[in-house]
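Me: Hi, could you go through a protein structure with me? I would like to ask about side chains, a few at a time.

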Amino acid sequence: TQELKESLVYWIVGLVLFVLAFPILWINERNAAEMEAVLYHARQECLSLPPATVDAENDGALVHMVGRTLVTAALKDPDFADLQVFDTVRLRRQVEMYQWVETRQEREKPGARQGETETEQTFTYSKEWKSYWVDSDQFRDATAQQVYKNPGAPACGFEAEVEAPEVQFGPSDPGDTADSA
């Protein structure tokens with residue numbers, strides 16, 4: 001009878017998935033059709049212009065240009081004063097630390113009384129690259145807090161982003177003048 005119950009459960013789950021598949025496919029196809037319509041409209045409305053063309057008539061219009069960007073100021077990371085990057089529109093710093101990480105695993109096991117179950121938790125520790133600081137003082141095991149000790153959080157932070165205050169855009173030929181954007 002256990003096999004019959006399992007077969008019935010699988011049959012019901014299969015039927016539910018079969019019925020749910022049609023609305024999901026419908027929604028997916030509708031989203032794809034809407035995106036295709038937006039892209040078609042964009043292709044019809046897009047203006048291809050030479051980069052030296054600045055016309056107030058095109059404000060708010062979808063335009064396509066090919067040209068060079070020119071950034072006159074060097075970008076500096078706020079936490080690393082000596083780091084300067086030239087000819088760059090955006091500077092993004094992402095830091096990762098190789099540090100100890102705690103992983104919890106739970107396992108059900110029979111309890112002291114018949115029919116009861118207990119949850120047994122085990123914690124394992126491994127070193128991983130993380131883009132955030134893991135405070136090893138918060139590990140569940142007091143011994144692990146001493147054995148698997150992470151250094152403090154970096155003073156610079158894990159992420160920073162700086163953008164150029166002014167970017168000029170112009171023709172591919174460096175001899176031509178660029179237009180401010």
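Reply: What follows is a conversation about ring pairs, salt bridges and surface residues in this structure, which is a predicted model.

Me: Okay, how many aromatic pairs are there?

Reply: The count comes to 5 aromatic pairs. One of them is formed by Tyr98 and Trp129, whose ring centres are 5.1 Å apart and whose planes stand at 40°, so this pair is tilted.

Me: Why does 40° make it tilted?

Reply: Planes under 30 degrees apart count as stacked and those over 60 as edge-to-face, with the rest called tilted, so the 40° between the planes of Tyr98 and Trp129 makes the pair tilted.

Me: And where do Tyr98 and Trp129 sit in the chain?

Reply: Tyr98 belongs to strand E7, which covers residues 97-110, while Trp129 belongs to strand E8, covering residues 117-130, and the pair links distant parts of the chain, 31 residues apart. Tyr98 is partly exposed, with a relative accessible area of 43%, whereas Trp129 is exposed, at 55%.

Me: Which aromatic pair is stacked, then?

Reply: Tyr125 and Tyr148 form a stacked pair, with 4.8 Å from centre to centre and 15° between the planes. Tyr125 lies in strand E8 and Tyr148 in the loop between helix H2 (142-147) and strand E9 (159-163), so the pair ties together parts that are 23 residues apart in sequence.

Me: Is Tyr125 buried or exposed, and what about Tyr148?

Reply: Tyr125 counts as buried, because its relative accessibility is 15% and the cut-off for buried is under 20%. Tyr148, with a relative accessible area of 24%, is partly exposed.

Me: Which residues do the ring pairs link into a cluster?

Reply: The cluster is made up of Trp100, Tyr125, Phe139 and Tyr148, linked by ring pairs, so two of its members are the tyrosines of the stacked pair, Tyr125 and Tyr148.

Me: Changing topic, how many salt bridges does a search of the whole structure find?

Reply: The search finds 13 salt bridges. Among them is the one between Asp79 and Arg93, where the closest N and O atoms are 2.7 Å apart. Asp79 is in the loop between strand E4 (75-76) and strand E5 (84-85), and Arg93 is in strand E6 (residues 90-94), so that this pair links parts of the chain 14 residues apart.

Me: Are those two buried or exposed?

Reply: Asp79 counts as partly exposed at 42% relative accessibility, while Arg93 is buried, with a relative accessible area of 10%.

Me: What else is Arg93 in contact with?

Reply: Leaving aside neighbours within four places in sequence, Arg93 is in contact with Asp77, Asp79, Phe80, Cys156, Gly157, Phe158, Glu159 and Ala160. In the case of Cys156, the backbone oxygen lies 3.1 Å from a polar atom of the Arg93 side chain.

Me: Which residue forms a salt bridge with Arg90?

Reply: Arg90 forms a salt bridge with Glu163, and the closest N and O atoms of the two are 3.0 Å apart. Arg90 lies in strand E6 and Glu163 in strand E9, so the pair ties together parts that are 73 residues apart in sequence. Arg90 is partly exposed, with a relative accessible area of 44%, and Glu163 is partly exposed as well, at 47%.

Me: What about Glu120 and Arg107?

Reply: Their side chains meet in a salt bridge, with 2.9 Å from N to O. Because Glu120 lies in strand E8 and Arg107 in strand E7, the pair ties together parts that are 13 residues apart in sequence. Glu120 counts as partly exposed at 26% relative accessibility, and Arg107 is partly exposed, with a relative accessible area of 48%.

Me: Which residues are joined into a network by salt bridges?

Reply: Arg90, Arg92, Glu161 and Glu163 are joined into one network by salt bridges that share partners.

Me: Last topic, which residues form the nonpolar patch on the surface?

Reply: The patch is formed by Leu8, Trp11, Ile12, Leu15, Val16, Phe18, Val19, Leu20, Phe22 and Ile24, and together they have about 1000 Å² of accessible area. Leu8, one of these residues, is placed in helix H1, which covers residues 2-45.

How values were computed:
Residues are numbered from 1 along each chain as its sequence is written. This is a predicted model: local features need pLDDT of at least 70, side-chain atom pairs count only at pLDDT 80 or more; totals for chains, interfaces and linings use all residues. Side-chain values use heavy atoms; hydrogens and water are left out. Rings of Phe, Tyr and Trp (its six-membered ring) pair if their centres lie within 6.5 Å; planes under 30 degrees apart count as stacked, over 60 as edge-to-face and the rest as tilted. Helices (H or I, at least four residues) and strands (E, at least two) are DSSP runs, numbered from the N terminus. Buried means under 20% relative accessible area, exposed over 50%, partly exposed in between (1.4 Å probe, protein chains only). Patches are made of residues with over 30% relative accessible area and no salt bridge: like charges are joined within 9 Å, nonpolar side chains (Val, Leu, Ile, Met, Phe, Trp, Tyr) within 5 Å. Accessible areas come from the Shrake-Rupley method with a 1.4 Å probe; for residues, only the protein chains shown count as cover. A salt bridge is a side-chain nitrogen of Lys or Arg within 4 Å of a carboxyl oxygen of Asp or Glu. A polar contact is a pair of N or O atoms within 3.5 Å; within protein, one must be able to donate a hydrogen and the other to accept it, and residues adjacent in sequence count only if both atoms are side-chain atoms. Contact means heavy atoms within 4.5 Å.
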